[in-house]
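Colleague: I should be grateful for a close look at the metal sites of this model. Please state the criteria behind each term as you go.

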Amino acid sequence: MVTKEQTIALLESISRLLELKGENPFKIRAYTNAARALETFSGNFPDLVAEKHLEELEGIGSAIAKKIEEFVTTGKLGYYDELRGSFPDTLSELFELQGLGAKKIKVLWETLKVKSIADLEAACRDGRVAELPGFGEKTAENLLRSIERRERHSGRHLLSEAAIMMEQILEHFRGHPDVSQISSAGSLRRSKETIGDLDVLIATKNPKSITEFFVTFPLIERVLAKGETKTSVLLRNGMQSDLRVVANHEFPFALAYFTGSKEHNVALRGRALRNGWTLNEYRLGPEPSAKQPPKPIPAIDTEADLYAALGLNFVVPELREATGEIEAAEAGKLPKLVELSNLRGTFHAHTSSTDGRNTLGEMAAAARDLGLQYLGMSDHSKSSFQAHGLSEEKLLQQVKAIQELNAGFNGEFWIFSGVECDILRDGTLDFSDEILSQLDFVVASVHNALTMPEKAMTDRMIRAMENPCVTMLGHPTGRLLLSREPYKIDLNEIVKAAAATKTIIELNANPRRLDMDWRLWRHAKELGVPCSINPDAHSMAGFQDLWFGVQAARKGWLTREDVINCLPRNEVVKILKRKRG
Ligand code: DGT
Ligand code: CA
Ligand code: CA
Ligand code: ZN
């Protein structure tokens with residue numbers, strides 16, 4: 001069945017193709033508007049289409065409504081296939097490059113016959129791109145850099161984007177009579193911050209029917225390989241997906257094996273061997289070459305049974321990275337990891353007064369609708385002019401507006417007033433202590449002068465943390481996954497300084513950031529540095545990112561006791577105040 005997300009992807013593809021054709025802007029906008037309208041529609045999508053109510057959504061006209069109906073009822077859209085036919089398939093990969101939109105791609109295609117990234121690289125290198133009107137040498141250089149960056153991260157994708165696509169695949173199989181068990185596996189199931197390919201595992205009595213049905217998934221670009229137990233496909237968004245099909249009794253073994261990580265699997269196999277067993281993706285059996293007779297093998301119906309058979313407590317997929325989880329599972333010392341439902345509130349959100357999309361009231365309502373009891377607002381400070389940072393005056397006005405809103409909540413919800421204050425080049429802050437001390441909390445972040453040498457950058461952040469007004473350090477490394485490297489800093493020193501200055505470190509939940517990285521949290525926890533899982537929300541929908549933050553915290557072995565926004569309001573207040581004496 002065609003889903004809302006697939007329809008949105010289709011509408012967006014159409015608008016890009018129309019732009020490439022040079023169609024009039026109104027027509028192009030009609031498709032992007034329709035995509036936006038579906039994004040915000042929260043009702044039942046199949047019913048909306050079946051009952052012919054599409055046109056009632058603002059932004060969808062009758063022509064597009066008809067196309068959506070055709071796509072949803074037949075799984076195809078003639079108009080789209082025709083449009084696609086007029087361009088080479090490889091042209092779509094150009095859209096993956098930063099700094100290149102449809103207008104420029106159109107020029108490159110029409111004047112230089114550039115139809116792939118390889119063509120573009122050649123045209124940048126031999127100077128043809130620099131000579132094009134509206135391009136120039138600087139643009140050609142930037143494009144080369146984008147191409148290099150893409151190669152460096154080649155084929156990896158953000159967890160958030162992979163997760164959406166996986167939902168679509170699982171949705172495709174929903175209700176299929178031959179599916180006995182189904183699960184995602186691989187790095188996605190482990191909630192890694194970036195994902196190579198999408199691994200799907202299905203247990204069935206009828207592998208043929210499952211494989212045939214998989215290749216009818218509407219978002220497939222090309223089938224790469226189709227076999228009895230494994231099928232690989234390339235999806236339209238450039239991701240690859242591997243489907244493995246097994247028998248029901250093999251499922252727990254295959255699920256553990258294909259979830260990985262490889263290193264975790266190796267450790268499991270080693271433990272099996274000590275009992276005289278061999279473990280692979282299909283079974284746990286006696287090891288023929290074992291010196292002693294194997295121990296009896298218990299019945300295994302689930303992954304948990306498998307861990308139990310190996311003398312281990314169940315290890316959740318997030319922890320299967322071979323960083324000591326096996327030893328902890330053996331000793332019964334795995335931590336009880338934080339869960340999304342443990343969050344009582346959150347910090348770090350922006351409003352339309354700076355670069356956010358919603359008002360203070362709307363952001364508060366969105367946080368409250370998620371069941372949170374408090375929200376810490378932190379718009380940008382004045383030096384972040386590209387993000388429309390607040391002046392002192394505007395900031396104090398916002399503090400007043402927050403007080404008024406709080407008075408109306410009757411204690412059922414609370415907004416903390418704060419700011420995301422720029423850390424200036426020398427480690428001083430963008431606002432004076434006199435201003436900052438009027439706020440409930442301060443997130444201090446680096447937003448400019450990103451290319452300092454490591455020692456200078458580290459000292460800069462440490463100096464900021466030494467200010468008693470600074471409650472927490474925002475996105476400590478500034479990395480943007482798959483697009484911008486972290487600042488050069490000594491994170492161990494930063495974590496040490498956070499402990500010494502009683503500064504909280506943010507786990508920025510934006511799926512492009514997930515900063516500070518999960519690999520450092522155990523160290524931070526040992527030193528007693530608290531974590532705050534912050535959405536860095538720029539719209540009401542931004543609070544949804546908290547899930548990614550929680551998954552990253554879980555990968556970092558954090559429990560609810562390690563995360564300050566699991567505390568009720570009256571207790572979190574004490575933590576916010578503890579540096580200020
Ligand atoms: P990715 O796709 O690069 O983000 O990472 P994974 O972990 O999803 O890796 P992938 O897709 O190559 O393979 C899925 C899982 O299958 C992997 O986590 C562990 C298992 N696996 C794959 N190849 C091997 C192998 O050679 N040995 C062992 N022990 N396990 C393997
Ligand atoms: Ca994978
Ligand atoms: Ca794979
Ligand atoms: Zn920021």
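**The metal sites**

Modeller: Asp197 bridges two calcium ions, ligand 3 and ligand 2, which lie 3.7 Å apart. The model is a predicted one, in which local features need pLDDT of at least 70 and side-chain atom pairs count only at pLDDT 80 or more, while totals for chains, interfaces and linings use all residues. Residues are numbered from 1 along each chain as its sequence is written, chains are lettered from A and ligands numbered from 1 in the order in which they are written, and side-chain values use heavy atoms, with hydrogens and water left out.

The calcium ion (ligand 3) is coordinated at 2.3 to 2.7 Å by Asp197 (OD), Asp197 (OD), Asp199 (OD) and Asp242 (OD). Donors here are N, O and S atoms within 2.8 Å of the metal, or 3.2 Å for Na, K and Ca; water is not among the atoms, so sites may look incomplete. Along the sequence, the donor residues of this calcium ion (ligand 3) have the spacing D-x1-D-x42-D. Asp199 has a relative accessible area of 10% and is therefore buried (buried means under 20% relative accessible area, exposed over 50%, and partly exposed in between, with a 1.4 Å probe and protein chains only).

The zinc ion (ligand 4) has as protein donors Glu420 (OE), His447 (NE2) and His475 (NE2), which lie 2.0 to 2.3 Å from it. Their spacing along the chain is E-x26-H-x27-H. Glu420 belongs to strand S12 (residues 414-422), whereas His447 is in the loop between strand S13 (441-445) and helix H20 (454-466), so the pair ties together parts that are 27 residues apart in sequence. Helices (H or I, at least four residues) and strands (E, at least two) are DSSP runs, numbered from the N terminus. Glu420 counts as buried because its relative accessibility is 1%.

Away from the metals, Ser160 may be added to the account of buried residues, with 12% relative accessibility. Ser160 is placed in helix H10 (residues 159-173). Leaving aside residues up to four places away in sequence, Ser160 touches Pro511 and Phe548, where contact means heavy atoms within 4.5 Å.

In summary, Asp197 is shared by the calcium ions ligand 3 and ligand 2, and the zinc ion (ligand 4) takes its protein donors from Glu420, His447 and His475.
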